[in-house]
Amino acid sequence: MATHESHKKRSGLMDWLTTVDHKKIGILYLLAGGFFFLIGGLEAILMRIQLMEPDSKIFTGELYNQLLTMHGTTMIFLAAMPIIFGFMNAILPLQIGARDVAFPFVNAVGFWLFFFGGLLLNLSWFLGGAPEAGWTAYAPLSTVAEDTGVDFYVLGLQIAGAGTLAGGINFLVTVINMRAPGMTFMRMPLFTWASFVTSGLILFAFPALTVGIFLLMFERVFEANFFNADMGGNVLIWEHIFWIFGHPEVYILILPAFGIISEIVSTFSSKRLFGYSAMVFATVLIGFLGFMVWVHHMFTVGLGPVANSIFAVATMAIAIPTGVKIFNWIFTMWGGQIRFTTAMLFAVGFIPTFVMGGVTGVMLSVPAADYQYHDSYFVVAHFHYVIVGGLILGLFAGLYYWYPRMFNRVLNETLGKWNFWLFFIGFHLTFFPQHWLGLMGMPRRVYTYMSGQDLDGANFVSTIGAILMGAGTIVLLINIVISASSKYATTKDPWDGRTLEWAMPVPTPEYNFAQTPLVRGLDALYVEKTAGNGEMTPAEPVGEIHMPNGSILPFIMSLGLFISGFGFIYANWIVAGAGLGVVLITMFLRSVIDDHGYHIHKEEVEADIKGGRA
Amino acid sequence: MKKWLQKGRLVSLFAMLALLLMGCGDPTLSALIPQGEVADKQFQLMLISISIMILVLVVVFVLYAFVLLKFRKKKGDTSTPKQVEGNHMLELLWTVIPILLLIILAVPTVMRTFEFSADAKPASKNELSIKVTGHQYWWEFEYPKEELITSQELVLPADTKVHVELSSADVIHSFWIPSLAGKTDTNPGDKNKNYMWFDTGSKTDVVYKGKCAELCGASHALMDFKVRVVSKEDYKNWVASYKAADGKSSANANGQQVFEKNCLSCHAVGQEGGNTGPSLTGFGDKDRVAGILEHNKENLKAWIKDPQEVKPGNNMPKVNLSDEEIDAVSDYLLGLKLK
């Protein structure tokens with residue numbers, strides 16, 4: 001292919017709007033996800049303030065239900081998932097020695113769909129009220145609500161979900177097709193493995209959500225009767241579809257965190273991962289079982305003892321591969337030299353916390369006892385132990401660990417430790433008492449409780465904890481701002497890393513590897529380090545590097561869906577049609593415009609290598 | 001770092017102990033103080049699972065603490081740790097032990113799951129059965145054999161097995177009396193009826209607290225109900241007097257007029273009146289106003305005056321009544337006593 005001269009160097013905002021570079025898209029995901037994390041966190045603190053004392057009247061009734069719905073929806077779909085995608089984008093191609101993801105354009109579409117979907121959902125706060133039927137949006141509560149809140153939920157999640165699906169498929173293809181020579185499946189770092197399995201789960205779970213949301217949309221916008229019992233529908237259809245998506249979703253969230261923890265524990269113990277193949281097998285098994293257990297969210301629905309028993313035992317089975325992981329992490333540290341950096345501290349905090357969340361999960365899998373736990377604060381405590389104590393601690397760990405690679409700066413360690421201790425102590429203070437609250441009879445999703453029921457003390461402690469978690473997060477923000485100063489500039493391998501992402505210069509060149517590396521074992525960089533090479537052995541001579549062009553089309557395409565979303569919410573078919581028209585036009589343009597990308601010349605690459613840039 | 005960790009551990013240990021010692025809650029509400037057979041068996045299951053889980057936690061935590069303290073990097077140590085691939089024996093061990101533990105847990109789990117569902121539908125006509133219907137945001141209780149319908153307050157004889165049939169008039173609710181039995185959902189639609197049973201326990205003259213556990217709208221938090229357990233004899237008397245009660249048992253004739261004009265289309269008293277709202281038979285004896293407020297005239301007046309203020313999103317309209325009329329109708333309602 002000849003060199004194409006179509007490559008335009010864009011700068012500033014236009015660069016970010018048109019980028020198809022996986023590293024930049026990773027940063028966009030991280031920023032947008034981080035922003036929504038702050039909004040979701042604020043919603044959580046407002047709820048805890050309302051529950052701080054009995055009978056308080058700050059956020060009551062509908063408003064409180066809006067807060068709880070938006071907190072859950074935002075944290076799952078707009079904070080946790082995008083931050084995971086941020087790390088996957090920024091790190092996964094580097095870890096397998098690839099120059100890019102398989103479909104850079106689709107990658108950009110995925111981001112912008114998520115972004116506009118999230119924006120649409122959050123605009124509901126200003127346009128007649130947020131959704132109020134819970135993040136699970138059970139019918140008929142979600143179908144009979146007369147305001148537009150649930151419509152925002154339906155359209156916002158549909159658009160964001162399409163972006164997630166696109167992203168998942170992209171990573172599947174990237175891992176299957178774009179590994180460097182020698183990077184066999186059984187040499188892939190655990191984060192890549194976890195991301196791979198997660199992407200597989202996305203491929204199977206998100207279509208279920210898409211279908212469910214379409215049914216809900218037709219019920220609300222076009223007056224269908226899928227969930228209307230009076231017209232022969234059945235409300236349980238929604239519950240099944242939602243949890244067939246929703247249960248794998250929690251594994252979509254937690255598996256990447258497992259991957260991050262595996263990387264960090266291994267790096268900061270200076271040891272290879274104990275039982276690598278068992279870890280891989282456990283990851284795949286957890287992913288598989290994740291699809292088999294959705295009914296454990298529905299033990300009280302009345303499906304009968306046979307269904308309940310089968311799903312109970314299937315759920316318990318997940319504890320086995322998860323336990324294998326826990327012990328393998330501990331034995332990775334065994335005999336190692338543990339360095340307590342902030343990243344490691346978060347990983348170290350993750351393990352016992354996640355174990356606690358895991359054992360309450362096993363307790364919940366006992367249907368006859370779950371009749372007591374279900375929809376009580378015990379469940380709230382359990383899933384926050386898993387999602388915050390597991391996933392969010394994992395994401396914090398990943399942020400401190402990969403920050404140098406993504407932003408060419410390190411984060412301040414002292415502030416990092418403040419961040420950890422405030423957040424960690426705050427977390428346990430918030431959620432540990434909630435186990436007791438649930439068993440003592442406090443249902444979840446309530447905005448008030450009467451005094452004199454022995455629920456006051458634990459609720460008060462819980463709110464104090466939430467405020468500490470907020471303080472910890474503020475320390476992180478301060479840390480990020482401070483790190484922008486040049487004092488925090490980093491070298492290419494600040495942690496004595498073991499995997500490929502630490503083999504490139506800082507900042508990472510746009511083409512990642514000047515020469516695709518030859519992978520000669522698990523922990524590829526460590527293998528070269530012990531062989532005395534210090535850097536990767538190239539698998540190819542220096543040559544021209546083919547790169548994709550940036551494009552504004554993903555942005556406009558997603559904007560089109562965003563506009564049509566408003567059309568459907570307000571039943572304005574002209575706006576809906578116009579928005580979809582924009583989407584079709586951009587799709588058409590994408591199809592007919594010949595865009596072969598551009599080449600970075602051999603001389604440029606050689607100059608980079610000489611100048612120490614590659 | 002070591003000091004930090006030890007301190008952190010100590011603090012959290014004390015926090016846990018303190019919480020354990022805080023007690024187990026309100027005996028009429030807490031699932032940790034079971035009062036009936038079902039709640040008791042559920043509590044036993046909790047104890048079994050908690051014991052197994054604490055065992056697991058202790059093993060992990062001890063091992064973990066040891067590793068963290070023993071294998072931290074020492075200053076000036078530049079040696080490379082041995083790179084261990086794994087250990088089949090160990091890995092087999094921590095696969096097999098959890099399997100055994102889970103089998104121990106799975107057996108009583110499946111047994112109880114079948115047991116709780118087996119007796120849900122009444123076996124003989126002599127046993128007490130009730131039909132529960134969830135409404136936004138109140139509960140309707142029908143005693144089919146006794147032929148009476150009440151609301152918000154379930155009166156039951158002690159030492160009795162109660163069979164419950166659950167359904168919903170609008171959205172999904174969940175019927176939960178923590179100290180007597182775990183919850184079961186009420187699903188809308190005739191085909192979606194649910195069945196459960198519980199035992200009322202041996203205590204008499206006690207009022208257990210019941211909750212709605214499934215998000216059902218703006219006032220979900222306020223959808224409480226009460227379960228009053230009385231002796232078998234008192235129960236018989238209650239049934240008789242409840243069936244005999246009518247709208248004339250209250251002395252306030254003025255209030256009765258206002259009530260009949262404005263409220264009777266929705267609320268029944270005795271055999272008369274509509275059934276879109278809760279039945280108000282024997283209202284003067286109830287434990288709470290609207291299920292949540294203390295039972296006094298002031299609260300009742302506030303509730304009638306502006307229902308949305310007390311229970312946001314509920315279906316009771318704001319009836320245009322003067323202050324005197326509200327006063328009279330409140331007196332009338334509080335005067336509706338059984339016997």
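In which sense do strand 2 and strand 3 of chain B pair, and over how many bridges? Let's find out with the viewer open; keep in mind that this is a predicted model.

Start by selecting residues 138-143 of chain B, which make up strand 2, together with residues 148-151, which are strand 3. The two strands pair in the antiparallel sense over 4 bridges. Click on Phe141(B) and you will find its bridge partner, Thr150(B), in strand 3. Tyr143(B) likewise has a bridge partner in strand 3, Leu148(B). The two strands form a hairpin with 4 residues between them; pause in the turn at Glu147(B), where phi is positive, about 55 degrees.

Next, add strand 1 of chain B, residues 128-135. Strand 1 runs antiparallel to strand 2, with 5 bridges joining them. Here Lys131(B) has Glu142(B) as its bridge partner in strand 2. This pair of strands is also linked by a hairpin, through 2 residues. Strand 2 is largely enclosed by the rest of the structure, because 5 of its 6 residues are buried.

Now zoom out to the whole sheet. It is open, with 5 strands in the order 3-2-1-5-8 and mixed pairing. Strand 3 and strand 8 (194-199) stand at the edges; each has a single partner strand, so one side of each lacks a neighbour in the sheet. From one strand to the next, the twist averages 25 degrees.

For a last stop, select Asn126(B), in the loop between helix 3 (88-118) and strand 1. Asn126(B) is exposed, with a relative accessible area of 70%. Its C-alpha atom is separated by 9.1 Å from that of Lys145(B), 19 residues apart along the chain.

Terms used. Residues are numbered from 1 along each chain as its sequence is written. Chains are lettered from A and ligands numbered from 1 in the order in which they are written. This is a predicted model: local features need pLDDT of at least 70, side-chain atom pairs count only at pLDDT 80 or more; totals for chains, interfaces and linings use all residues. Side-chain values use heavy atoms; hydrogens and water are left out. Two strands pair if DSSP finds at least two bridges between them. Axes are lines fitted to C-alpha atoms, for helices over the stretch in contact, and angles run from 0 to 180 degrees between N-to-C directions. Buried means under 20% relative accessible area, exposed over 50%, partly exposed in between (1.4 Å probe, protein chains only).
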